[in-house]
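Colleague: I have this model open and would like to learn how to read its main features. Please take me through them in turn.

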Amino acid sequence: MIVVAGEALIDLVPQGAGALAALTPALGGGPFNTAVALGRLGSPTAFCSRVSRDAFGEALLERLRATEVDVSSVQRGVEPTTLAVATVGTDGSAAYSFYVEGTADRLFAQPEALPAGTRAVSFGTCSLVLEPGASAYEAMMRDASARGVFTALDPNIRAGLIPDADAYRARFRSWLPSVSLLKLSAEDAEWLGGSPREWLAAGPAAVVVTRGGDGLTVFTREGAEYAVPGERVKVVDTIGAGDTVNAALLHGLAERDALSVEGLAALGAEGWASLLGFAARAAAITCSRAGAEPPYAHELEPPAL
């Protein structure tokens, strides 16, 4: 079981140009997208969050159930669902503004235990910023790591939500001893400061940096560095691409029985090239269609000869 911990929200996506373009609601949130992508790839997955009892919350849970994601660890609340208003650039890149005051997901409380059979837990995005939930997720991460569970972190920076950038950067560094795999975009890496080698020295066994259409690079604790190019595709938008990479990495590691520090170290050049290439293909499919619509396993199978 791979557990994804973090927010589920509604993206309001413009259906045209201009500030007053009509907005269409879409199911989203980095951790939510990661859970859906894992479910579509066929990994046994559980979602751990707090979701509103409003109509948006019901729709979010319905999508998770439809992809066979276990939602028994989801807490419920009467507060409204968080809203994220997306702005899509001419290159397909997305930026967001958030409506988060008094919403359900930020009131998450740390569960007493992880779901039975948990092999890995994935964290990231808004859930690690918005209190009091952020402290609960942080405690969950530290406890999981202390118990020997594989932990993955994608900070997925939303700068508009972070009131004190320096304080958040310090908090990010404090998480690293509890992180097995750190994945982040080149833009996030620049915002956070530091370098993959510095982060590796603090704790993670591997750091994966995504560079959009230019591909992915992994840096390992053993000093190795491997890169793959991006998959060329006509980009509709990039919503959910990074979350798809998260899911593809975790799914691929599970398939290789490598959800451990030792497993990461044993991958080597061939193993990392195959894993990163798989993640690049999955992200390219997500970018080729509107909204966060990650691929199903059959879409990533090689064509029959």
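**Cavities, pocket and sheet**

Modeller: The largest cavity encloses about 60 Å³ of space. On a 1 Å grid over the protein atoms alone, a cavity is a set of points where a 1.4 Å probe fits but cannot get out, and lining residues have an atom within 4 Å of a point. A volume is the space filled by probe spheres set on the points, which are joined across faces, edges and corners. This is a predicted model, in which local features need pLDDT of at least 70 and side-chain atom pairs pLDDT 80 or more, while totals for chains, interfaces and linings use all residues. Residues are numbered from 1 along each chain as its sequence is written, and side-chain values use heavy atoms, without hydrogens and water.

Colleague: Which residues line the largest cavity?

Modeller: Its lining consists of Ser122, Ala152, Leu153, Asp154, Leu181, Lys183, Asn246, Leu249 and Leu250. E10, E11 and H7 each give two or more residues to this lining. Helices (H or I, at least four residues) and strands (E, at least two) are DSSP runs, numbered from the N terminus.

Colleague: How do E10 and E11 pair, parallel or antiparallel?

Modeller: Strands of a sheet pair through backbone hydrogen bonds, in either sense. Here strand E10 (residues 150-154) and strand E11 (residues 181-185) are parallel, over 2 bridges; two strands pair if DSSP finds at least two bridges between them. The bridge partner of Ala152 in E11 is Leu181, and both residues also line the largest cavity.

Colleague: What packs on the sheet there?

Modeller: Helix H7 (residues 241-255) does, touching E1, E9, E10, E11, strand E12 (206-210) and strand E13 (216-220). Contact means heavy atoms within 4.5 Å.

Colleague: What is the strand order of the open sheet?

Modeller: Its 8 strands run E4-E1-E9-E10-E11-E12-E13-E14, with mixed pairing. Strand E4 (45-48) and strand E14 (225-228) are at the edges with a single partner strand each, so one side of each has no neighbour in the sheet.

Colleague: How does a pocket differ, and what volume has the largest one?

Modeller: A pocket is an open set with protein on both sides within 12 Å along at least five of seven lines. The largest has a volume of about 1200 Å³. Of its 48 lining residues, the closest to the centre are Ser185, Glu187, Thr238, Ala241 and Gly242. Among the elements that give two or more residues to this lining are E2, E11 and H7.

Colleague: Is E2 buried or exposed?

Modeller: Buried means under 20% relative accessible area, exposed over 50%, partly exposed in between (1.4 Å probe, protein chains only). In strand E2 (residues 9-14), 5 of the 6 residues are buried, so the strand is largely enclosed by the rest of the structure.

Technical notes. Axes fitted to C-alpha atoms, helices over the stretch in contact; angles between N-to-C directions.
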